[in-house]
Amino acid sequence: MKRLKQSEVKAYREQMLKDQDGKCAFCGQDCKKPCLDHAHMEPYKDKIRGVICNWCNIAIGKLENARVRTGTDWQSFYHSFPEVCLLYTSDAADDMQCVD
């Protein structure tokens, strides 16, 4: 599994956004403030999920934080929010990892 270097992040994000036709991988709207989204928690820690807009990045972060605060296990979270979790396991997000 390859890890992205800091110097590679911008070009990788731009290419991935181009591959997504300029749309957020989560909401499908035009991506005006693109974020290279990656999982912060196991079992998919650091795996790139796609390029998402800033608003979706904030929303997904709040959902992930709520899962941790409430002690909800991963399976329960997955079944409660399947659309969110598709980004974690999607084959579209390749095996590259984000920088720390």
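Q: What supplies the area that the protein chain exposes?
A: The protein chain exposes about 6400 Å², and carbon and sulfur atoms supply 52% of it. Accessible areas here come from the Shrake-Rupley method with a 1.4 Å probe, and for residues only the protein chains shown count as cover. This is a predicted model, where local features need pLDDT of at least 70, side-chain atom pairs count only at pLDDT 80 or more, and totals for chains, interfaces and linings use all residues. Residues are numbered from 1 along each chain as its sequence is written, and side-chain values use heavy atoms, with hydrogens and water left out.

Q: What makes up the secondary structure of the protein chain?
A: There are four helices and two strands. Read from the N terminus on, the order is α-β-β-α-α-α. Both kinds of element are DSSP runs, numbered from the N terminus: helices are H or I with at least four residues, strands are E with at least two.

Q: Why does Asp-21 count as exposed?
A: Its relative accessibility is 64%. Exposed means over 50% relative accessible area, buried means under 20%, and partly exposed lies in between (1.4 Å probe, protein chains only). The value for Asp-21 is 64%, so Asp-21 counts as exposed. Asp-21 sits in the loop between α1 (6–19) and β1 (34–38). Its phi is near 60°, a positive value in a residue other than glycine.

Q: Why is Glu-64 called buried?
A: Glu-64 has 6% relative accessibility, so it counts as buried. This residue belongs to helix α2 (residues 54–70). From Glu-64 to His-40 is 24 residues in sequence and 8.5 Å in space, C-alpha to C-alpha.

Q: How many of the residues of the protein chain count as buried?
A: Of its 100 residues, 35% do.

Q: Why is there no bond between the sulfurs of Cys-53 and Cys-56?
A: A disulfide is a pair of cysteine sulfur atoms within 2.5 Å. The sulfur of Cys-53 is 3.6 Å from the one in Cys-56, its closest cysteine sulfur, so the pair is too far apart for a bond. Cys-53 also counts as buried, because its relative accessibility is 9%.

Q: How many disulfides does the structure hold?
A: It holds zero. Cys-31 is in no disulfide, as the nearest cysteine sulfur, that of Cys-24, is 5.3 Å away. Cys-31 has 10% relative accessibility, so it counts as buried.

Q: What share of the contacts between residues at least 6 apart in sequence join residues at least 24 apart?
A: The share is 55% in the protein chain. Contact means heavy atoms within 4.5 Å.
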